[in-house]
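This report describes a protein from its overall make-up down to single residues. Please keep the sequence and the 3D view open while reading.

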Amino acid sequence: MNIKLHYLGIAFAGWLAGNALAADIELTTRVSGVVEEVYVKPGQSVKKGAVLLRLNKVIYQAQVLEAGAESERLRAEAAEAKRDLDRAEELYSRTVSSTTELDSAKLRHTRAQSALTVAQARATIAKKNLADTDLKAPFNGVVAAVPAAPGVVVASDCQPRALVVMRR
């Protein structure tokens, strides 16, 4: 019986023989882009973790830089909001300012911290996307086929096309 499963950007295709899955495993990237380099050929043995092909990284590198800069800007804003909150708490404790001013400083600080957390999450996603431009071998095996070539456009949709087919 032939089977084909798609899971986390990796398509597993093969047939059932008893309880074992003798499979050709179709690999693709989790992100979209243009194939820049293919490092393997059919019949080549590869070790787990070896880079099989690479997408163009320019856009993903720019996204990492952009997310990092935004994180730095928001880190500075959060630090300023914290200083303002500390000042407002000090003035409130000396009964120099009102509860409204203290509450306003607390709100600004909370908003700044939340924005920083979102920016840090975006930076993490951008770094992961950049790392995912390299298609790596998920196990030791043999390259069965390489349908990809430099210049091929990869769209990471629901059923992405196979870029490299491996066999255990």
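The text below treats the overall make-up, then the strands, the salt bridges and a few single residues.

**Overall make-up**

The model is predicted. The protein has 2 helices and 10 strands. Read from the N terminus, the order of these elements is β-β-β-β-β-β-α-α-β-β-β-β. Of its 168 residues, 32% count as buried. The accessible surface is about 10,300 Å², and carbon and sulfur atoms account for 57% of that area.

Contacts can also be sorted by separation along the chain. Among contacts between residues at least 6 apart in sequence, 66% join residues that are at least 24 apart.

**Strands and their pairing**

One open sheet has 4 strands in the order β7-β6-β4-β9, and their pairing is antiparallel. Which strands stand at the edges? They are β7 (134-136) and β9 (153-154). Each of these has a single partner strand, so one side of each is left without a neighbour in the sheet. Within this sheet, strand β4 (residues 33-38) and strand β6 (residues 51-55) pair in the antiparallel sense over 3 bridges. Glu37 has Arg54 in β6 as its bridge partner.

Strand β8 (residues 141-145) takes part in other pairings. Strand β5 (residues 45-46) runs antiparallel to β8, and 2 bridges join them. Here Ser45 is opposite Val142 of β8. Strand β8 also pairs with strand β10 (residues 164-167), in the antiparallel sense and over 3 bridges. In this pairing Val143 is opposite Met166 of β10.

A general point helps when looking at any of these strands: in a regular strand the side chains alternate between the two faces of the sheet.

Ala145 gives a closer view of β8, the strand in which it is found. Its relative accessible area is 29%, so Ala145 is partly exposed. Which residues does Ala145 contact, leaving aside its neighbours within four places in sequence? They are Pro42, Val164 and Val165. Ala145 and Val164 are 19 residues apart along the chain, and their C-alpha atoms are separated by 6.0 Å.

**Salt bridges**

The count of salt bridges comes to 11. The table gives some of them, including the distance between N and O atoms.

| Acidic residue | Basic residue | N to O distance |
|---|---|---|
| Glu70 | Arg73 | 2.6 Å |
| Glu77 | Arg73 | 2.5 Å |
| Asp132 | Lys128 | 2.9 Å |

Arg73 appears in a salt bridge with Glu70 and in another with Glu77. Glu70 and Arg73 both lie in helix α1 (residues 58-93), where they are 3 residues apart, about one turn of the helix. Glu77 and Arg73 are 4 residues apart in helix α1, so about one helical turn separates them.

How exposed are these residues? Glu70 is partly exposed, at 32% relative accessible area. Arg73 is also partly exposed, with 40% relative accessibility. Glu77 is partly exposed too, its relative accessible area being 36%.

The salt bridge between Asp132 and Lys128 has partners in two classes of exposure. Is Asp132 buried or exposed? Asp132 is buried, because its relative accessible area is 13% and the cut-off for buried is under 20%. Lys128, at 44% relative accessibility, counts as partly exposed. These two residues also belong to one network with Arg30, joined by salt bridges that share partners.

**Aromatic rings**

How many aromatic pairs does the structure hold? The number is 0. One ring does have a charged residue over its face: Arg168 lies over the face of Phe139, 4.1 Å from the ring centre.

**A residue with positive phi**

Most residues other than glycine have a negative phi. Thr95 is not a glycine, yet its phi is positive, at about 55°. Where does Thr95 lie? It lies in the loop between α1 and α2 (99-131). With a relative accessible area of 70%, Thr95 is exposed.

How values were computed. Residues are numbered from 1 along each chain as its sequence is written. This is a predicted model: local features need pLDDT of at least 70, side-chain atom pairs count only at pLDDT 80 or more; totals for chains, interfaces and linings use all residues. Side-chain values use heavy atoms; hydrogens and water are left out. A salt bridge is a side-chain nitrogen of Lys or Arg within 4 Å of a carboxyl oxygen of Asp or Glu. Buried means under 20% relative accessible area, exposed over 50%, partly exposed in between (1.4 Å probe, protein chains only). Rings of Phe, Tyr and Trp (its six-membered ring) pair if their centres lie within 6.5 Å; planes under 30 degrees apart count as stacked, over 60 as edge-to-face and the rest as tilted. A charge sits over a ring if NZ of Lys or CZ of Arg is within 6 Å of the ring centre and within 35 degrees of the ring normal. Two strands pair if DSSP finds at least two bridges between them. Contact means heavy atoms within 4.5 Å. Accessible areas come from the Shrake-Rupley method with a 1.4 Å probe; for residues, only the protein chains shown count as cover.
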